[in-house]
Amino acid sequence: MKWEDICSRCGLCCHEKIVDGDFLIIGEETCSFFDADTRLCRVYGNRFKECPRCMKVNLFRACFARYLPSSCAYVRWARARHLRPVRERTLILSYGKDMDSHQLD
């Protein structure tokens, strides 16, 4: 299996995020290359060149990045292998009709 095959294509990594203490706030604003219908990047093959803010979810980030939600397939993969020591945060989705809050342990 290739590393990128782990991704579930949720698209949350393409949203603006704020880590505030025990909270991970995911906002409505997305990368300009994010396709909301498919939840995929329109320039995926060149994303790092086209969007300097885009960061590849590698093994280190899957294990330690505070801005990835527990629902991220890479994070779930790392946790299943006891590789993620990072404290889980309450996820707040601050977009859509309602503001939703989830504890995603």
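**Exercise 1. The lining of the largest pocket**

Task: Find which element gives the largest share of the lining of the largest pocket, and describe that lining by class.

Solution:
1. Work on the predicted model. Strand E1 supplies the largest share of the lining, three residues.
2. List the elements that each give at least two residues. They are strand E1 (15–20), strand E4 (40–41), helix H1 (47–50) and helix H3 (73–80).
3. Take the volume. The largest pocket has about 890 Å³.
4. Go to the centre. Of 35 lining residues, Cys13, Cys14, Lys17, Cys54 and Met55 are the closest to it.
5. Sort by class. The lining has 23 nonpolar, eight charged and four polar residues.

**Exercise 2. The enclosed space**

Task: State how many cavities of 30 Å³ or more the whole structure holds, and which residues line the largest cavity.

Solution:
1. Search the whole structure. One cavity of 30 Å³ or more turns up.
2. Take the volume. The largest cavity holds about 80 Å³ of space.
3. Read the lining. Arginines in it include Arg66, Arg84, Arg87 and Arg89. Leu24, Leu68, Pro69, Ser70, Val86, Glu88 and Leu91 also line this cavity.
4. Sort by class. Five lining residues are nonpolar, five are charged and one is polar.

**Exercise 3. Cysteines**

Task: Decide whether Cys51 is in a disulfide or in none, and whether Cys51 is buried or exposed.

Solution:
1. Search for disulfides. The whole structure has zero.
2. Check Cys51. Its nearest cysteine sulfur belongs to Cys31, 3.9 Å away. A disulfide needs the two sulfur atoms within 2.5 Å, so this pair does not count.
3. Check accessibility. Cys51 has a relative accessible area of 14%. Buried means under 20%, so Cys51 is buried.
4. Repeat for Cys63. Its relative accessibility is 6%, so Cys63 is buried too.

**Exercise 4. Nonpolar cores**

Task: Name the residues of the largest nonpolar core and the element that gives the largest share of this core.

Solution:
1. Collect the 11 members. They are Ile6, Val57, Ala62, Cys63, Ala65, Leu68, Cys72, Ala73, Tyr74, Val75 and Ala78.
2. Assign elements. Helix H2 (59–64) and H3 each give at least two of these residues. H3 gives the largest share, four residues.
3. Follow Leu68. Leaving out residues up to four places away in sequence, Leu68 touches Leu24, Val57, Arg61, Ala62, Val75 and Arg84.
4. Look for another core. A second, separate one has five residues, among them Leu12, Leu24, Ile26 and Leu93.
5. Link back to the cavity. Both Leu24 and Leu68 line the largest cavity.

Methods: Residues numbered from 1 in each chain as written. Predicted model: local features only at pLDDT ≥ 70, side-chain atom pairs only at ≥ 80, totals over all residues. Heavy atoms only, no water. 1 Å grid on protein atoms, 1.4 Å probe; cavity = no way out; pocket = protein on both sides within 12 Å on 5 of 7 lines; lining within 4 Å. Points joined across faces, edges and corners; volume = space filled by probe spheres on them. Nonpolar A, V, L, I, M, F, W, Y, C, P; charged D, E, K, R; others polar. Buried < 20%, exposed > 50% of the residue type's maximum accessible area, 1.4 Å probe, protein only. Core = buried A, V, L, I, M, F, W, Y, C linked by side-chain atoms within 4.5 Å. Contact = heavy atoms within 4.5 Å.
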